Amino acid sequence: MVFPLLVRDRLVLQHRKGMEYTRMKNHFWTRLRCQAGIFLIGGLLYNLIEIIWRGYTHWSMFLVGGLCFQLIGCIHTALRRWGLFPRCVLCSLAVTAVEFASGCLFNLKLQMNVWDYSGFPLNILGQVCLLYTILWGLLSIVAIPVYRYAYTFLETGRFHRTAAEETAQ
């Protein structure tokens, strides 16, 4: 009687290890799908905001928007115990840094002239300015729930988590 129990326990243990490997493998693909989806959603939303705000957009803004949306989501997820104000300040600084770097690349280096904030007060090389830094901080408040819903949907196929999934995080 003892021998079949040992064999069965060993098979169960091997089965659990195999399940854990499968779960880890699936977790990688799920995370990759979520990150790619967040990038695409962020790029589309950024372009939509640009079209509403300025009346036109540029393909490079899709890349900037995808990266910014991921940064905003990472900041709000990693620092969720912080207050809303410090997270929004961090988000506005992150978006401004991305805009400055992409502005230096696309506008100054490649001469694409996508935008020019030279006419705004407190600008840096015409690529970023204080007004838009503040606006990005305010916009990150709206981006938080959009990011959460989008990530949850991409991860689970539902727009909300179950109570068990909430407690597991």
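Leaving aside neighbours within four places in sequence, which residues is Phe-62 in contact with? The answer is Phe-39, Leu-40, Gly-43, Leu-44 and Asn-47. Welcome to this predicted model, a protein of 169 residues, of which 33% count as buried. There are 5 helices and 2 strands, and read along the sequence they follow the pattern α-α-α-β-β-α-α. Here is a friendly tour, starting with the overall layout and ending with the loop between α3 and β1.

**Overall layout**

- Among the helices are α1 (2–54), α2 (59–78) and α3 (84–109), and α4 covers residues 130–156.
- In the pattern, three helices come before the two strands, and two helices follow them.
- Of the contacts with a separation of 6 or more, 51% are between residues 24 or more positions apart.

**Phe-62 and its surroundings**

- Phe-62 belongs to helix α2, and with a relative accessibility of 22% it counts as partly exposed.
- That label follows because buried residues must fall under 20%.
- Between the C-alpha atoms of Phe-62 and Gly-43 the distance is 4.1 Å, although 19 residues separate the pair in sequence.
- Gly-43 is also one of the residues that Phe-62 contacts, as are Phe-39 and Leu-44.

**The nonpolar core**

- The largest nonpolar core has 26 residues, and Ile-38, Met-61 and Val-64 are those with the most contacts inside it.
- Helices α1, α2, α3 and α4 each supply at least two residues of this core.
- Helix α4 gives the most, with 7 residues.
- Val-64, one of the residues with the most core contacts, touches Tyr-46, Val-98, Ser-102 and Phe-106, not counting residues up to four places away in sequence.

**How α2 meets α4**

- The axes of α2 and α4 come within 9 Å of each other and cross at roughly 85°.
- These two helices, α2 and α4, are therefore roughly perpendicular, because angles of 65 to 115 degrees are put in that class.
- On the α2 side, the residues that meet α4 are Phe-69, Ile-72, Gly-73, Cys-74, His-76 and Thr-77.
- On the α4 side, their partners are Ser-140, Ala-143, Ile-144, Val-146 and Tyr-147.
- By class, the residues of this contact divide into 7 nonpolar, 4 polar and no charged.

**How α3 meets α4**

- Helices α3 and α4 pack at an angle of about 110°, and their axes are 8 Å apart.
- This pair, α3 and α4, is therefore also described as roughly perpendicular.
- From α3, the contact draws on Leu-84, Arg-87, Cys-88, Cys-91, Ser-92, Val-95, Thr-96 and Glu-99.
- From α4, it draws on Thr-133, Trp-136, Gly-137, Ser-140, Ile-141, Ile-144 and Arg-148.
- The contact of α3 with α4 has 7 nonpolar, 5 polar and 3 charged residues.
- Ser-140 and Ile-144 of α4 take part here, and both are also listed in the contact with α2.

**Thr-133, a residue of that contact**

- Thr-133 lies in helix α4 and is buried, with a relative accessible area of 13%.
- The reason for calling Thr-133 buried is that 13% falls under the 20% limit.
- Not counting residues up to four places away in sequence, Thr-133 touches Ser-92 and Thr-96, which appear on the α3 side of the contact with α4.

**Cysteines**

- The structure holds 0 disulfides.
- Cys-34 is buried, with a relative accessible area of 0%.
- Cys-104 is partly exposed, at 22% relative accessible area.
- Other cysteines turn up in the helix contacts: Cys-74 of α2 meets α4, and Cys-88 and Cys-91 of α3 do so too.

**Backbone points in the loop between α3 and β1**

- Gln-111 is in the loop between α3 and β1 (123–124), and its phi is positive, about 55°, although it is not a glycine.
- With a relative accessible area of 56%, Gln-111 is exposed, because values over 50% get that label.
- Leu-122 is placed in the loop between α3 and β1 as well, and its phi is near 55°, a positive value in a residue other than glycine.
- The relative accessible area of Leu-122 is 64%, so this leucine is exposed.

Definitions and conventions:
Residues numbered from 1 in each chain as written. Predicted model: local features only at pLDDT ≥ 70, side-chain atom pairs only at ≥ 80, totals over all residues. Heavy atoms only, no water. Helix = DSSP H or I, 4+ residues; strand = E, 2+ residues; numbered from the N terminus. Buried < 20%, exposed > 50% of the residue type's maximum accessible area, 1.4 Å probe, protein only. Contact = heavy atoms within 4.5 Å. Disulfide = S-S within 2.5 Å. Core = buried A, V, L, I, M, F, W, Y, C linked by side-chain atoms within 4.5 Å. Axes fitted to C-alpha atoms, helices over the stretch in contact; angles between N-to-C directions. Parallel < 35°, antiparallel > 145°, perpendicular 65-115°, else oblique. Nonpolar A, V, L, I, M, F, W, Y, C, P; charged D, E, K, R; others polar.
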